[in-house]
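Please read the points below with the sequence and the 3D view side by side. They are meant as a slow walk through a few places in the model, in the order in which they may be easiest to find.

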Amino acid sequence: MPSAPIPDVRRWAGIAALAMAICLAVEFVAKATMGVRPALDQSSALVSYIEATRIEIVVVILADTFVMASLIVFLAALR
């Protein structure tokens, strides 16, 4: 029975590092295009801001999720 190939952890570390860099760049661009958030006591302006930037907010949340997943893979590959 043939043995399974041993995974190259250096490759996984490199892929995870590149994924983190790409996700952080995407997050930076999304945050930079959002503009300045109004103060919390201006409720109508805050609601308008959230409605106008809902796509960017979702992009930032997803990018953060993938950054954390890539960080876990990167740190696990360093072992």
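1. Helix H3 covers residues 54-78, and its 25 residues should span 36 Å at 1.5 Å a residue; because the C-alpha atoms at its ends are 36 Å apart, the expected span and the model agree. Please keep in mind throughout that this is a predicted model.

2. Which residues of H3 are buried? They are Val 60, Ala 63, Val 67, Ser 70 and Ala 77, and what covers these buried residues of H3 includes H1.

3. Glu 27 is a good place to look at the two helices together, since this residue is found in helix H1, which runs over residues 9-34. Leaving aside residues up to four places away in sequence, Glu 27 touches Val 60, Ala 63 and Asp 64, and Val 60 and Ala 63 are among the buried residues of H3.

4. Glu 27 deserves a second look, as this residue is buried and yet has no salt bridge. The nearest side chain of opposite charge belongs to Lys 31 and is 5.3 Å away, whereas a salt bridge requires a side-chain nitrogen of Lys or Arg within 4 Å of a carboxyl oxygen of Asp or Glu, which is why this pair does not count as one.

5. How many salt bridges does a search of the whole structure find? The search finds one, and in that bridge the side chains of Arg 10 and Asp 8 meet at 3.6 Å, taken from N to O. Arg 10 counts as exposed because its relative accessibility is 68%, while Asp 8, at 33% relative accessibility, counts as partly exposed.

6. On the surface there is a nonpolar patch formed by Leu 18, Ile 22, Val 26, Ile 55 and Val 59, which together have about 460 Å² of accessible area. H1 and H3 each supply at least two residues of this patch, and the largest share, three residues, comes from H1. One of the patch residues, Val 26, has its place in helix H1 and counts as partly exposed because its relative accessibility is 40%.

7. Finally, the segment before H1 contains Ser 3, and this residue is exposed because its relative accessible area is 69%. The C-alpha atoms of Ser 3 and Met 34 are separated by 52 Å, and the two residues lie 31 residues apart along the chain.

How values were computed. Residues are numbered from 1 along each chain as its sequence is written. This is a predicted model: local features need pLDDT of at least 70, side-chain atom pairs count only at pLDDT 80 or more; totals for chains, interfaces and linings use all residues. Side-chain values use heavy atoms; hydrogens and water are left out. Buried means under 20% relative accessible area, exposed over 50%, partly exposed in between (1.4 Å probe, protein chains only). Helices (H or I, at least four residues) and strands (E, at least two) are DSSP runs, numbered from the N terminus. Lys and Arg count as positive and Asp and Glu as negative; His and the chain ends are not counted. Contact means heavy atoms within 4.5 Å. The expected span of a helix is 1.5 Å times one less than its number of residues. Patches are made of residues with over 30% relative accessible area and no salt bridge: like charges are joined within 9 Å, nonpolar side chains (Val, Leu, Ile, Met, Phe, Trp, Tyr) within 5 Å. Accessible areas come from the Shrake-Rupley method with a 1.4 Å probe; for residues, only the protein chains shown count as cover.
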